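Welcome, and please open your viewer with a cartoon representation and side chains ready to switch on. We will walk through the model one selection at a time.

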Amino acid sequence: MTFWDVFVLLLIWVPLFLVWGMALHDIFRRDDIRGAMKAVWTLVVIFLPFLGTLIYLVVRPAGATEQERQAIDTASRQFVARYAPTDNAQQLALLTDLRDRGALTAQEFEAEKARVLAQAAPGRAPAEPAL
């Protein structure tokens, strides 16, 4: 084998086979598509290795497996915990801002304000959030 044969093998074909194999593995571990669609995707990836794999990876939705859905949920909860107002003054300021921008009606604002103030009062049970 010449240097260029090894170069092409290592830099083009090995990564292509790895991506191809990962796409096939991903097709079979997904639980959001049924057997017939899995068979169609498998045939597309096998008979069109480069183009089929590229198409599959582009159209594949986020959260296609249970682990991805859990990761998205965890990240969402961490985001909310990090950036949500922690004290009542911040919550009331946020509610006022939402009302001023028109995102909350006066009725929704009053219901949420009552809920926040009920949580602040010692010895009182918190009210359920308005939907």
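Does Arg69 count as buried, partly exposed or exposed, and at what relative accessibility? Select Arg69 and add a surface: at 32% relative accessibility, Arg69 counts as partly exposed. Keep in mind throughout that this is a predicted model.

**Stop 1: the whole chain**

Zoom out and colour by secondary structure. You should find 6 helices and 0 strands in the protein chain, so the pattern along the sequence reads α-α-α-α-α-α. Turn the C-alpha trace onto its principal axes, where the protein chain spans about 80 × 40 × 30 Å. The radius of gyration is 26 Å, whereas a compact globule of 131 residues would have one near 14 Å. If you colour by accessibility, 19% of the 131 residues count as buried. A contact map is worth a glance too: among contacts with a separation of 6 or more, 41% join residues 24 or more positions apart.

**Stop 2: H1 against H2**

Next, select residues 3-29 for helix H1 and residues 35-47 for helix H2; their axes come within 10 Å and cross at roughly 175°. Because the angle is over 145 degrees, H1 is roughly antiparallel to H2. Now show the side chains at this contact: H1 brings Trp20, Leu24, Ile27 and Phe28, while H2 brings Lys38, Trp41, Thr42, Val45 and Ile46. Coloured by residue type, the contact of H1 with H2 divides into 7 nonpolar residues, 1 polar and 1 charged.

**Stop 3: a salt-bridge network**

Switch to charged side chains. A search of the whole structure finds 10 salt bridges, and a good place to begin is the network that links Asp26, Arg29, Arg60 and Glu68. Within this selection, draw a distance between Arg60 and Glu68: they form a salt bridge whose closest N and O atoms are 2.7 Å apart. Which of these partners is buried? Arg60 counts as buried, at 18% relative accessibility, while Glu68 counts as partly exposed, at 21%. The cut-off for buried is under 20%, so the two values fall on either side of it.

**Stop 4: along helix H4**

Now select residues 66-83, which make up helix H4. Here you can return to Arg69, whose side chain meets that of Glu66 in a salt bridge (3.2 Å, N to O). Glu66 and Arg69 are 3 residues apart in the helix, so about one helical turn separates them. Glu66 is partly exposed, with a relative accessible area of 39%, and Arg69 also counts as partly exposed.

Move on to Arg77 and Asp73, whose side chains meet in a salt bridge at 3.0 Å, N to O. These two are 4 residues apart in H4, which again means a separation of about one helical turn. How accessible is each partner? Arg77 counts as exposed at 57% relative accessibility, whereas Asp73 counts as partly exposed at 38%.

**Stop 5: Gln91 in H5**

For the last selection, pick residues 88-100, helix H5, and highlight Gln91 within it. Is Gln91 buried or exposed? Gln91 is buried, with a relative accessible area of 18%. Show what surrounds it: leaving aside neighbours within four places in sequence, Gln91 is in contact with Pro85, Val116 and Gln119.

Terms used:
Residues are numbered from 1 along each chain as its sequence is written. This is a predicted model: local features need pLDDT of at least 70, side-chain atom pairs count only at pLDDT 80 or more; totals for chains, interfaces and linings use all residues. Side-chain values use heavy atoms; hydrogens and water are left out. Axes are lines fitted to C-alpha atoms, for helices over the stretch in contact, and angles run from 0 to 180 degrees between N-to-C directions. Angles under 35 degrees count as roughly parallel, over 145 as roughly antiparallel, 65 to 115 as roughly perpendicular and the rest as oblique. Contact means heavy atoms within 4.5 Å. Ala, Val, Leu, Ile, Met, Phe, Trp, Tyr, Cys and Pro count as nonpolar, Asp, Glu, Lys and Arg as charged, and the others, Gly among them, as polar. Buried means under 20% relative accessible area, exposed over 50%, partly exposed in between (1.4 Å probe, protein chains only). A salt bridge is a side-chain nitrogen of Lys or Arg within 4 Å of a carboxyl oxygen of Asp or Glu. The radius of gyration is taken over C-alpha atoms; the globule rule is 2.2 Å times the number of residues to the power 0.38.
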